[in-house]
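Hi,

Here is the structure I promised to pass on. Please have a look at it below, and then read on for what I found in it.

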Amino acid sequence: MSKRQLTTPLIIHGLNLPESEREVTVLQRVSHDDRMIDESWLQKLLFNYPSLLPISEIESIFDIPRPICQELPVGAGAADLLFINASGYLTVVETKLWRNPEARHAAVAQIVKYASDMAHWTYSDLVDAVRRRRKDLKGDPIIEVLRQAEGEEFDERSFIDQVSQNLRDGRFLLLIVGDGIREDVEQMAAYLQKFPTLGFALGLVEIALYRTRPGSIDPIIVQPRIIACTQVMARTVIEIRGLLNSSDVVVKSVEGGGRTLPSG
C-alpha cells in the first residue's frame, strides 16, 4: 500500500454548538475483502457519476467527461469504461479491486494495450465499437450522447475532427481506478517509456469507501484521490522534404510521451 495513507474522515453534527454537545461519527473504511463491493458495482458508480474522477487535476483538457459505454470492445478484450468530452478528448478507465495482488501489475499493461490498439482506429471504428455496446441509441451513439448533454451549442463537425485527430495521435487519458492502489510509480514510469509515440496521460486513482457504522449497508461515503499521474510532454518533430535547405524544413510541436509524477 502506498505510504500516502488516507486519514479517517469524520462526520460532525452541530458544528455551531459547544464541543460537548456535538455529535461526531468516525467513518469506518470498507475492507478490500468486502464481497458486497465488486468491480461491476464500481464501474456502474463511475459511469453514472463521472464527476468522481479527478480529471481536472490530472489533465484538464479531458475534463467534463460524458459517459459513452461500458465494456468497450478493443481487440481481444474490452475496456471497462469510455468517456468523451465535448472537445473530443477520450478517457478510458479500468476498474480494479485489489484482492488479487497480480491485478495491479496487469492493469497498467492492459490499459496501455487498449490505447495502443485504439490509436489505429478511425472515428468510424470507434463508433462501430460503441454501437456494439449501446444498442439503445440510434445512428451515431457518440454524437447522440454528446448532443443530449451539450445541447444546441455542440459543434458536431469540430468534435468528429478532434476525436479523429486524438485517435491518430494516441492521445487519451487512461485511468486505473481501484479501492486500494498499490502500484510502484517508478515501475510504471519505466513501462511507459516503451510507448514514446503515444500521447496518452495515465493516472492511478483510489476510491476509498466508508460506512457510518460497521456492518451497515447504507450509506456509503465515496472519497476519490489521485495516487500518481503522468504529465504529457511536448516533443518537437523536424520534417525534411527533399533536398536540405531552409525552405524544406518543417518544425512541428506535437504532444506525446510522458513521465510519471507522484501526486502531491
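Leaving aside residues up to four places away in sequence, Asn 166 touches Gly 88, Tyr 89, Leu 90, Arg 171 and Phe 172. Keep in mind that this is a predicted model. Asn 166 itself belongs to helix α6, which covers residues 156–169. Is Asn 166 buried or exposed? Its relative accessible area is 2%, and because the cut-off for buried is under 20%, Asn 166 counts as buried.

Two of those contacts lead straight to a pair of strands. Leu 90, one of the residues that Asn 166 touches, stands opposite Phe 172 in β7. The strands concerned are β6 (residues 90–96) and β7, which pair in the parallel sense over 7 bridges. β7 also has strand β8 (residues 201–211) as a partner, again in the parallel sense, with 6 bridges. There, Leu 173 has Ala 201 of β8 as its bridge partner.

β7 deserves a moment of your time. The strand runs over residues 172–178, and 7 of its 7 residues are buried. Which residues point which way? Phe 172, Leu 174, Ile 176 and Gly 178 point to one side of β7, while Leu 173, Leu 175 and Val 177 point to the other, and all of them are buried.

Now for the protein as a whole. The secondary structure consists of 7 helices and 10 strands. Of the 264 residues, 45% are buried. About 14000 Å² is exposed, with carbon and sulfur atoms supplying 49% of that area. If you count contacts between residues at least 6 apart in sequence, 64% of them join residues at least 24 apart.

Finally, a word on confidence. The average pLDDT of the protein is 81, and 73% of the residues score at least 70. Among the elements, helix α4 (residues 123–131) has the highest mean pLDDT, at 98, and strand β10 (residues 249–262) the lowest, at 45. Residues 233–237 have a pLDDT below 50, and this stretch makes 23 contacts in the model beyond near neighbours in sequence. The pLDDT also stays under 50 over residues 251–264, where the model has 56 contacts beyond four places in sequence. Where pLDDT is low, the predicted coordinates should not be read in detail.

Happy to talk it over whenever suits you.

Best wishes

Key:
Residues are numbered from 1 along each chain as its sequence is written. This is a predicted model: local features need pLDDT of at least 70, side-chain atom pairs count only at pLDDT 80 or more; totals for chains, interfaces and linings use all residues. Side-chain values use heavy atoms; hydrogens and water are left out. Helices (H or I, at least four residues) and strands (E, at least two) are DSSP runs, numbered from the N terminus. Buried means under 20% relative accessible area, exposed over 50%, partly exposed in between (1.4 Å probe, protein chains only). Contact means heavy atoms within 4.5 Å. Accessible areas come from the Shrake-Rupley method with a 1.4 Å probe; for residues, only the protein chains shown count as cover. Two strands pair if DSSP finds at least two bridges between them. pLDDT is the predictor's confidence in each residue, from 0 to 100.
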